[in-house]
Structure formats: C-alpha cells, structure tokens
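User: I'm new to reading protein models and I'd like to talk about charged pairs and cysteines. Can we go through this one step by step?

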Amino acid sequence: MSNLYIRENYLKNIRGFYHDVDMIKVISGVRRCGKSSLMEMIKDELIKNGISTDSIIFIHLDKKPYKSIKTLEALEKLIDEKCKSIFGTKYLFIDEIQNVKGFEESINAYREEGEYSIFITGSNSYLLSGELATKLTGRYIEFEMTTLSFDEYIGMKKHFGKEINDDLEKEFMNYILEGGFPLAVKYDNYYEKHIYVQNVIKEIFDKDIKKNKKIKKKDLFETIQTYIINNFGATISVPSLCEYLNKKNKTGISKITVYNYLKILEDAKIICKCERFDMKSKKSLNGSEKYYLSDLSFYFSRNTDNRINYGPVLENIIYNYLKSKGYSICIGKIGNLEVDFIIRNMSNDYSYIQVSRTIDNDNYDEDGLNLTEEREYRPLETIKDGYSKYLLTMDKLLQKRSGVKHLNIIDMIIKHMDLS
C-alpha cells in the first residue's frame, strides 16, 4: 500500500463510481495538485476492499517503463497484453493520457466493451477542453481537484511529521504565502518551498501555455496572463480589458481574442471563472465575471511584494475550499448590492456567503454605526428566502445578527463546518 496523505474530499465523491464500467472517470486539476496520487489512493482502496491486484492495470505514461508509449497501437497492445488473463471487471488507470495522440476513440472503445472501469488523468489543456469533451459527451464524469485547502495543508504537515504552530493563524499566514501544492509541504524553509513552487509554475507555463498553438500573439497573451493573475478576485469586464490593452499596445485587439486567451488559462487550470448571477432576474450576467487562482502561489511567486490584500486572498481561499467540497459557486447580485458567493450542494440546497477580513474595527460613522459591519450584513439581510446565510471573517469575537451565522474562517475550515 502507498504511504499517501488521504484526500478524503475527493475520494468520497468518486467511491460510488469505482466499479462503474459505463462512465470514464476523468480526474482533472492544475499540474502537481495530486491527481496521480489520488489514483494511487483509489487503487489502494480497491485492493483493501478485496479487488485482486491482478485485476488492476496502472499505466503512468510519463514514467518508466511506459514513457516510450506514444501511439494508439502501442497503448492498446500494452493494455490487451496486461488484460488477456483477467476475468471480470478490469480496473484501468492511465496517467498523463495526453501523451498518446488520438487516445479518445481508443479509451471509448474499451469503455464500450463493458468490462473496464476506467480512470484517466492528463494535462488539462489537452483533456476536457478538446477532443475528449466532444467525442465522449455523456460518457465521462469529471472530478476536479484543487491544490491543498488549509485543513489539508495542516493534515499533510502532520503526515510528513512537520512542526505545527499552536497559533493556527500563523500557519494560515504561511499557507497564504506558500500556496497549497502538496509536495511543497515537505520542505523545511520558505526559500526551499519558494524554489519548488517556482519550478512547478514554470513547468505549467512551459508545458501547458508556451506550447499551445492557439496562442498567436505571445506578448499579448503574457500581458493578459499577468493582468489576470495580478487582479484575481476583481470583477473583470472584457470590453474594459480590451480598451486597456488597445491603449497599452496601440493595436486593435478583439474581445474574441481576449476570451480565447482567458479560456487557455482556464483550460490549464491556472484560473477559475466565477460567474455573476442576478438574483432578481434569475439570469447569469455575462461580461462581469471574477477570476480566482487555482493556487495563490501563482500570484506570490511572481510578485516580490508579499503584502497581503486580504479581500481577494480570503475570497480565493474560500472559493477553492468550496470547490474542494463539491459546491457549485457563483457571485450574487441584488440590485446595487453583491453577495460574495451563492453556493449549491448536490441536494440543490443553497447558501449565501460574505467574506471579509474583519468587521471588528473602528470604521464608525458620526451616529456610531459600524460601516464595515453594515456593508457585509446588508446584502445578506436583503435576501428574504429561507436558505442559510453566512459571514466568514478572521474575527475571534463573533457577532449575532439577523439570523446570519458569523463564523471564523480558520475554525470553519479546520472543523469542516457544513455550509449547506
């Protein structure tokens, strides 16, 4: 069995599909977030639950002895050879499947035989953004991973035997600056962690961005990439971004080009788009989305200034945490007011969430009204349905007001509080 830190948030969502031969299980996520390790965990659970190791085929196409397999013929020959003496369900795991050109039809052919429970991972820019989504519509389930959430960060430090500060707020500050790439936790000092993360990010840009043939204007793409990374958590208007770029470059840049380049960053799982939803009209509002980073290290590793703008940073952490829990997420608009997140669970129950560093400050008006508190509570108090409402802050002293549940962010994550 592998000595791995168990990522239970993801395993619990996949377990019901372990033996499903009708659906291909696609594990996606930014490079180095732990997709290969998750497949190892699934394999270990299958063996623990009585599946023979002879029924499990695990092929990592980036590692020996399978690194030389580049063609469909070679892949199919390998699979057929390994499976010829297996009776019953065969559990087929293929890591970095994009290394084999045209793999989609072959994988679907094995699925159609009805004897293979198939799990695949791969470079995201080659997976669901391309032929797989087109050719296998309705025949796959995507399980998207994020880098470590804060509770997982603490759990992995314990797994590696690292010292954990009794003051979890200090650990939280470390988590913000270091990011959540799992193997970074193994290193003992910030310099080593920083070098590791920089190399991971370089690998992502080199393999998923620079080689992308859809990028015709490299300098323009770099400008857009830097702008989005440096403005994570801010509302992005593509027309306004085009206007900014045209002034900067003194050339005509179309909205289509900008959207296409943003999509490339999304496909590489560097950024995630969070759409805005008008709660009165019940419609999505296009053109005013926010983009969050799949890991905060994309910002802090590229900027020498480590001062923390807590507004977008805390939103980004909560957004990724909610994703890891399987929630659907959007931004809520109520007239001129905004709710940071509307979330929906698998049972179609909704919750409303505001995120702020603190409401415990001296921002009072002349009548003694705390303006920060009013700003955070007013959008939630405007919502009249019966769904749960939460204010998430770093405050130790928690407020009671209007039925809104005020929670400390660190406590909420560490204690796995249910936000449904």
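Analyst: Sure! One term to start with: a residue is called buried when its relative accessible area is under 20%, exposed when it is over 50%, and partly exposed in between. Also keep in mind that this is a predicted model.

User: Is Lys269 buried or exposed?

Analyst: The cut-off for buried is under 20% relative accessible area. Lys269 has a relative accessible area of 15%, so the label that fits is buried.

User: Which residue does Lys269 meet in a salt bridge at 3.5 Å?

Analyst: Side chains of opposite charge can pair when their charged atoms come close. For a salt bridge, the nitrogen has to be within 4 Å of the carboxyl oxygen. At 3.5 Å, N to O, the side chain of Lys269 pairs with that of Glu142.

User: How many residues apart in sequence are the parts that Glu142 and Lys269 tie together?

Analyst: Glu142 sits in strand 5 (residues 140-144). Lys269 is in the loop between helix 11 (255-267) and strand 7 (271-278). The pair therefore ties together parts whose separation in sequence is 127 residues.

User: Which residues are linked with Glu142 and Lys269 in a network of salt bridges?

Analyst: Glu142 and Lys269 aren't on their own here, as they belong to a network of salt bridges. The other names in that network are Glu144 and Lys323.

User: What is the relative accessible area of Glu171, which meets Lys157 in a salt bridge?

Analyst: Glu171 and Lys157 meet at 3.1 Å, N to O. Their pair links helix 7 (residues 168-178), home of Glu171, with helix 6 (residues 150-159), where Lys157 lies. Lys157 counts as buried at 9% relative accessibility. Glu171 is buried too, and its relative accessible area is 2%.

User: Which helix holds the salt-bridge partner of Lys290?

Analyst: Lys290 forms a salt bridge with Glu315, with the closest N and O atoms 3.5 Å apart. Lys290 lies in strand 8 (residues 283-293), and the pair ties together parts 25 residues apart in sequence. Both residues are buried. Glu315 is in helix 13.

User: How many salt bridges does a search of the whole structure find?

Analyst: We've looked at some of the pairs by name, but the search covers the whole structure. Its count of salt bridges is 29.

User: And how many disulfides are there?

Analyst: Two cysteine sulfur atoms would have to be within 2.5 Å. Take Cys274, which is buried at 0% relative accessibility: its closest cysteine sulfur, in Cys330, is 6.5 Å away, so that is too far for a bond. Across the whole structure, the number of disulfides found is zero.

How values were computed:
Residues are numbered from 1 along each chain as its sequence is written. This is a predicted model: local features need pLDDT of at least 70, side-chain atom pairs count only at pLDDT 80 or more; totals for chains, interfaces and linings use all residues. Side-chain values use heavy atoms; hydrogens and water are left out. Helices (H or I, at least four residues) and strands (E, at least two) are DSSP runs, numbered from the N terminus. Buried means under 20% relative accessible area, exposed over 50%, partly exposed in between (1.4 Å probe, protein chains only).
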